[in-house]
Amino acid sequence: MNALLRNGLVRALCVLALGIFFTARPEAARWFTIAVGVAFAIPGAVALAGLFDRHTTQRSPGLTAVVATGCVLFGLALAVFPDTFTASLMYVLAAALAVAAALEAYAMTRLRREGSGLHGAFFAVPALLLGAALFVAFYRDSVEALPPFIVLGAGAILYALSELFLLACAARLRRRKAAGGEPPHGTAGTELLPRPDEGTDA
């Protein structure tokens, strides 16, 4: 499962789906926050209930009770006050988009150094991602935060498509180097992009 989550193709597709969701239904961000709260509260409540089981009362609950109580309280706060935490979520996603912009620029730089032939115009993509992140971070006009989530969704879609493109460029570069008879270490520059087809190349 960890290897699957690290796979660049899966990551890009998940981000693409999330971007489409936020772009098409930005008002659903509130319900997304509530769902996250419920996801925290239910396991915490189950853990607390388990502390009263006859098999567990014979030992000190210790850290389990503290963590379970914290999950319940945090989950209830998210579910009861979703608007407050939706605004916080907006800034967290903006920060993630800024980090994604930096990673995209780094990946493009490495691919150009390895001779992928990537055109310099593609660096406009991380610039747009950074611009979207800054727009969301400094947006102050909407209480419901609908426009920022539309921008975040569009940014996520752009990032996902760019990631898929870079994965294709990295795969093509690996095949070209393999055809040229270069040693395995010659592909080290493309390891920054996970291999969606690892183990299938001849």
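Helix H5 has a buried side made up of Pro82, Thr86, Leu89, Met90, Ala94, Leu97, Ala100, Ala101, Glu104, Ala107, Met108 and Leu111. That is a handy place to start with this structure, which is a predicted model. H5 covers residues 82-113, so to speak a run of 32 residues, and spans 46 Å from its first C-alpha to its last, close to the 46 Å expected at 1.5 Å a residue. Just past the end of H5 comes Gly115, whose phi is positive at about 90°.Zooming out, the chain has seven helices and zero strands, and its pattern along the sequence reads α-α-α-α-α-α-α. Of its 202 residues, 32% count as buried. Contacts between residues far apart in the sequence also turn up here: taking the contacts with a separation of 6 or more, 75% join residues 24 or more positions apart. As for the outside, the chain exposes about 11,900 Å², and carbon and sulfur atoms supply 69% of that area.

Next comes the inside. The largest nonpolar core holds 24 residues, and Leu97, Leu111, Leu129, Phe149, Leu152 and Leu166 have the most contacts within it. H5, helix H6 (124-137) and helix H7 (146-179) each put in at least two residues of this core. H5 is the top contributor to this core, with nine residues. Leu129 gives a good look at the contacts involved: setting aside neighbours within four places in sequence, Leu129 is in contact with Leu97, Ala101, Glu104, Gly155, Leu158 and Tyr159. Among these partners, Leu97, Ala101 and Glu104 are also on the list of buried residues of H5.

H5 has another set of contacts, this time with Thr33. This threonine sits in helix H3, which runs over residues 29-51. Thr33 counts as buried because its relative accessibility is 4%, and the cut-off for buried is under 20%. Not counting residues up to four places away in sequence, Thr33 touches Leu78, Pro82, Phe85, Thr86 and Leu89. Of those, Pro82, Thr86 and Leu89 are listed among the buried residues of H5.

Finally, a word on the cysteines. The structure holds zero disulfides. Cys14 has a relative accessibility of 49%, so Cys14 counts as partly exposed. Cys71 comes out at 23% and therefore counts as partly exposed too.

Methods
Residues numbered from 1 in each chain as written. Predicted model: local features only at pLDDT ≥ 70, side-chain atom pairs only at ≥ 80, totals over all residues. Heavy atoms only, no water. Helix = DSSP H or I, 4+ residues; strand = E, 2+ residues; numbered from the N terminus. Buried < 20%, exposed > 50% of the residue type's maximum accessible area, 1.4 Å probe, protein only. Contact = heavy atoms within 4.5 Å. Disulfide = S-S within 2.5 Å. Areas by Shrake-Rupley, 256 points an atom, 1.4 Å probe, with all protein chains shown as cover. Expected span 1.5 Å × (residues − 1). Core = buried A, V, L, I, M, F, W, Y, C linked by side-chain atoms within 4.5 Å.
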